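Let's take a walk through this protein, a few residues at a time. Have the sequence and the 3D view open as you read.

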Amino acid sequence: MKTAIVCLAGPTAAGKSAATLALAARWPIEVINVDSATIYRGMDIGTAKPSASERQQVPQHLLDIRDPAESYSAAEFSQDARQLIATILQRGRIPLLCGGTMLYYKALREGLNELPPADSAIRAAIDAEAQQSGWPAQHRKLAEFDPATAQRLAPNDSQRIQRAIEVYRITGQPMSTLLAAERTQADSDYDYVTVSLEPSDRLALHARIAQRYGQMLERGLLAEVKTLHDRGDLHTGLPSMRCVGYRQIWDYLDGKTDLDDAITQAIAATRQLAKRQLTWLRAQPQRQVIDCLAPDAAKQVLDAVSRIWAL
């Protein structure tokens, strides 16, 4: 039988960190973070990065591995995660994948299509065009040469629109055509089992998201983003600065909006992120669902994981 690797997934603010600490109190686990934001150094508050005390309680991997000026791909994550899983198992400990970046899970479990790496010059050019005409106009432009991709993207989904245009400019082929091609080999060495923290009440999760963002602001999120903003080498074309909660405060610091509007937009963007995460999870029929709003959610995770690791 293949070794079972637990993937503790769920939307933002679902309580994955609390469940992880409960697991660490019972088993010798090491966490492999599945998160495209916590990889960046200096982005601690807005990414809800594990605290120093949490890191003392359980070893954490793939945190603070990139400067915000750098990029990190799903393919790189897949390679790093496989190496970490093997190393952790060799130490006689238990790897736990935990996070909400669903593309990373997909890359590890299903493999990836061969898409070109990011090109900073092309991205900067697309960003400059979007500054002039807006992302809906870029979306319409995308529809001219890649209608299939444009159809599945919202007109203001700046990150994905930019990537689709970038891929076309690099390769001369629509992203939809490349995605239809054969995937690279998926990881078949392990049996990945998803335990998913999901809300029984979407509005209750929305309230939790708003509350958590308020707590981030109280802890100094504005100062954290200002430190990044003041560096001078970062801009909103970078993946790091497109993270929800950061981009909106950045716009405030650029004078494009007032603080109240930036906060409202950040909370709305986080809710949209949670919606996309849940849509992806609900397409995984084999996942084990636990209500993240239940008072005993962490205990339910313990019980579910106990059954998996007992097999």
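Not counting residues up to four places away in sequence, which residues does Ala14 touch? In this predicted model, the answer is Leu197, Arg208 and Cys292. Ala14 itself sits in the loop between β1 and α1. With a relative accessible area of 3%, Ala14 is buried, because anything under 20% counts that way.

Its neighbour Ala13 belongs to the loop between β1 (3–9) and α1 (16–24). Ala13 is buried too, at 9% relative accessible area. Setting aside residues up to four places away in sequence, Ala13 touches Leu205, Arg208, Ile209 and Arg212. So Arg208 turns up in the contacts of Ala13 and of Ala14, if you want a residue to click on. The UniProt record, an unreviewed entry, lists a "binding site" feature at Thr12, Ala13, Ala14, Gly15, Lys16 and Ser17.

Now hop over to Trp135, which is part of helix α6 (residues 135–145). Trp135 counts as buried, with 13% relative accessibility. Beyond its neighbours within four places in sequence, Trp135 is in contact with Ile126, Asp127, Ala130, Pro155, Asn156, Ser158, Ile161 and Gln162. Ala107 is another story: 28 residues from Trp135 in sequence, and 27 Å away in space, C-alpha to C-alpha.

Asp127 leads on to the last stop, since Asp127 is also listed among the contacts of Thr236. You'll find Thr236 in the loop between α11 (221–231) and α12 (247–253). Thr236 is buried, at 10% relative accessible area. Leaving out neighbours within four places in sequence, its other contacts are Gln131, Met241, Arg242, Arg247 and Trp250.

Definitions and conventions: Residues numbered from 1 in each chain as written. Predicted model: local features only at pLDDT ≥ 70, side-chain atom pairs only at ≥ 80, totals over all residues. Heavy atoms only, no water. Helix = DSSP H or I, 4+ residues; strand = E, 2+ residues; numbered from the N terminus. Buried < 20%, exposed > 50% of the residue type's maximum accessible area, 1.4 Å probe, protein only. Contact = heavy atoms within 4.5 Å. UniProt positions renumbered as here; feature names shortened; annotations may be inferred.
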